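Please open the model in your viewer, with the sequence panel beside it, and follow the selections below in order. The tour moves along a set of paired strands and then into the packing around them.

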Amino acid sequence: MTSISATQPAALLILQQANAQPAETDEDKDKKADLVQVANGITGEPAEETLKAAFAVSLAFMELDAKGELAAEAVAFIDSDRFKVTDPTVKDTLKQLISEKGWEFMQLVKQQQEAHGGISRENLFAIVLPQMIVKNRDRFTEDEIELSVKFENKNGSVGGIIVLIPDSEGNSTYRDLQETIEREEILADKTGDRTAVSELYNELGSYLGAWSKAFGFKPDEPSPMFVDVKDILLAAWIPKPVP
């Protein structure tokens with residue numbers, strides 16, 4: 001499969017040349033005629049570089065089409081009730097990034113499509129959007145960022161996910177709680193005293209419950225899965241489509 005990054009510079013060069021305004025030479029006119037003939041399927045023997053140029057332009061337009069369609073879907077998803085964030089400015093910044101860094105967005109999308117095959121749009125955006133935040137962390141609020149994604153096709157075990165992203169200094173309440181519990185579990189195994197572990201689990205439960213409620217997950221709905229952003233690429237949280 002040809003990557004976007006490999007075709008972008010050549011395609012841009014060709015498009016820039018096509019849009020240039022200096023007076024045309026006879027050679028320029030011949031090349032344009034060749035391109036038109038190739039595009040229209042007219043047989044002949046155009047120069048090898050002309051064929052390569054035609055192919056690059058065609059491929060570039062197809063990929064630009066895909067980028068535009070997916071970018072529009074991503075923006076619509078960000079604006080929907082299925083995608084929620086703690087800070088409303090995060091949504092606006094994400095949309096700006098998709099507009100400004102469309103090729104980066106598409107590279108992340110293609111990686112996940114190749115890794116997971118027929119991945120749903122909700123799952124795709126649940127992976128890619130947090131990655132866009134992490135890769136452009138300086139564009140967002142310095143505070144911790146929590147976001148949620150609700151899935152349309154639930155299999156009964158996962159109603160959605162809540163992704164937890166550390167602040168700009170790398171501090172994360174969720175990560176700290178998990179690491180503290182791990183240390184206390186080791187200590188409790190040695191001492192037999194699980195008092196501190198129980199208190200920490202209660203604290204974690206309250207923390208998770210508060211975020212579930214804040215993001216609108218109801219008690220009668222499947223509980224969301226909490227995902228540290230460093231684990232976002234792991235596929236274990238992705239629900240399988242309902243047959």
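The model is predicted, and a good place to begin is Ile161, whose bridge partner in β4 is Met225. Widen the selection to the two strands themselves: β3 and β4 (residues 225-228) run parallel and are joined by 4 bridges.

Now select β2, residues 145-150, which runs antiparallel to β3 and is joined to it by 6 bridges. Two of the facing positions are worth labelling, since Ser148 stands opposite Ile162 in β3, while Val149 stands opposite Ile161.

Stay with β3, residues 160-165, and colour the strand by burial: 6 of its 6 residues are buried. Which residues point one way from β3, and which the other way? Gly160, Ile162 and Leu164 take one direction, whereas Ile161, Val163 and Ile165 take the other, and all of them are buried. This arrangement can be read against the general rule that side chains in a regular strand alternate between the two faces of the sheet.

Returning to β2, you will find 5 of its 6 residues buried, so this strand is largely enclosed by the rest of the structure. Add β1 to the view: β1 and β2 run antiparallel, with 3 bridges joining them, and in β2 the bridge partner of Val85 is Leu147.

Next, turn from backbone pairing to side-chain packing. The largest nonpolar core has 37 residues, of which Phe83, Leu94, Phe105, Ile161 and Trp237 touch the most other members. The elements giving two or more residues to this core are α3 (48-79), β1 (83-85), α4 (88-100), α5 (102-116), α6 (121-135), β2 and β3. The largest share, 8 residues, comes from α6.

Centre the view on Phe83 and show its surroundings: leaving aside residues up to four places away in sequence, Phe83 touches Phe77, Ile78, Lys91, Leu94, Leu129, Leu147, Ser148 and Val149. As a last selection, take Ile162, Leu200, Phe217 and Phe226, which are included in a second, separate core of 12 residues.

With both groups displayed, compare the neighbours Ile161 and Ile162 on β3: these two point in opposite directions from the strand, and Ile161 is among the residues with the most contacts to other members of the largest core, whereas Ile162 belongs to the second one.

Terms used:
Residues are numbered from 1 along each chain as its sequence is written. This is a predicted model: local features need pLDDT of at least 70, side-chain atom pairs count only at pLDDT 80 or more; totals for chains, interfaces and linings use all residues. Side-chain values use heavy atoms; hydrogens and water are left out. Buried means under 20% relative accessible area, exposed over 50%, partly exposed in between (1.4 Å probe, protein chains only). Two strands pair if DSSP finds at least two bridges between them. A nonpolar core is a set of buried Ala, Val, Leu, Ile, Met, Phe, Trp, Tyr and Cys residues joined through side-chain atoms within 4.5 Å. Contact means heavy atoms within 4.5 Å.
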